[in-house]
Every structure is written in C-alpha cells, then in structure tokens.
Amino acid sequence: MNSAEPTVDQVTRADRLSPTEIADVLALALRAGDTDGADP
C-alpha cells in the first residue's frame, strides 16, 4: 500500500458459514491451487 494511513480490519467470528460464504471459500481455494499448482 502506498497510503501513510494504517488500515484497520476487523475479524468477526462465526459458528457457521452461509452457503454463499462456503462457495466463495471453495472458489478461492480452487483459484489458489490453479495458480500455484498445489492443492490447498
């Protein structure tokens, strides 16, 4: 980042992921595996 201002991200804990969140996580894992050639 080029900004001098620090960013603050918040982490929220959830007991379960929604179906949309699950699909997003699986898509991210597949893209990661396709990019580096290693299974996530």
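This passage goes through the overall make-up of the protein and then a few residues along its helix.

The model is a predicted one. Its secondary structure is quickly told: one helix and zero strands. Taken along the principal axes, the box filled by the C-alpha atoms comes to roughly 35 × 30 × 15 Å. Of the 40 residues in the protein, just 2% are buried. The exposed surface adds up to about 4,300 Å², and 53% of that is supplied by carbon and sulfur atoms.

Part of the surface forms a nonpolar patch of about 360 Å². Four residues make this patch, namely Leu17, Ile22, Val25 and Leu26. Leu26 sits in helix α1, which runs over residues 19–36. With a relative accessibility of 52%, Leu26 counts as exposed, because the cut-off for that class is over 50%.

Further along, Ala32 also belongs to helix α1. Its relative accessibility is 35%, so Ala32 goes down as partly exposed; that class takes in whatever lies between the buried limit of under 20% and the exposed limit of over 50%. As for where Ala32 stands relative to Asp9, the two are 23 residues apart in sequence. In space, 22 Å separates them, going from C-alpha to C-alpha.

Put side by side, the two helix residues fall into separate classes: Leu26 is exposed, whereas Ala32 is partly exposed.

Conventions: Residues numbered from 1 in each chain as written. Predicted model: local features only at pLDDT ≥ 70, side-chain atom pairs only at ≥ 80, totals over all residues. Heavy atoms only, no water. Patch = residues over 30% accessible without salt bridge, like charges linked within 9 Å, V, L, I, M, F, W, Y side chains within 5 Å. Areas by Shrake-Rupley, 256 points an atom, 1.4 Å probe, with all protein chains shown as cover. Salt bridge = Lys/Arg side-chain N within 4 Å of Asp/Glu carboxyl O. Helix = DSSP H or I, 4+ residues; strand = E, 2+ residues; numbered from the N terminus. Buried < 20%, exposed > 50% of the residue type's maximum accessible area, 1.4 Å probe, protein only.
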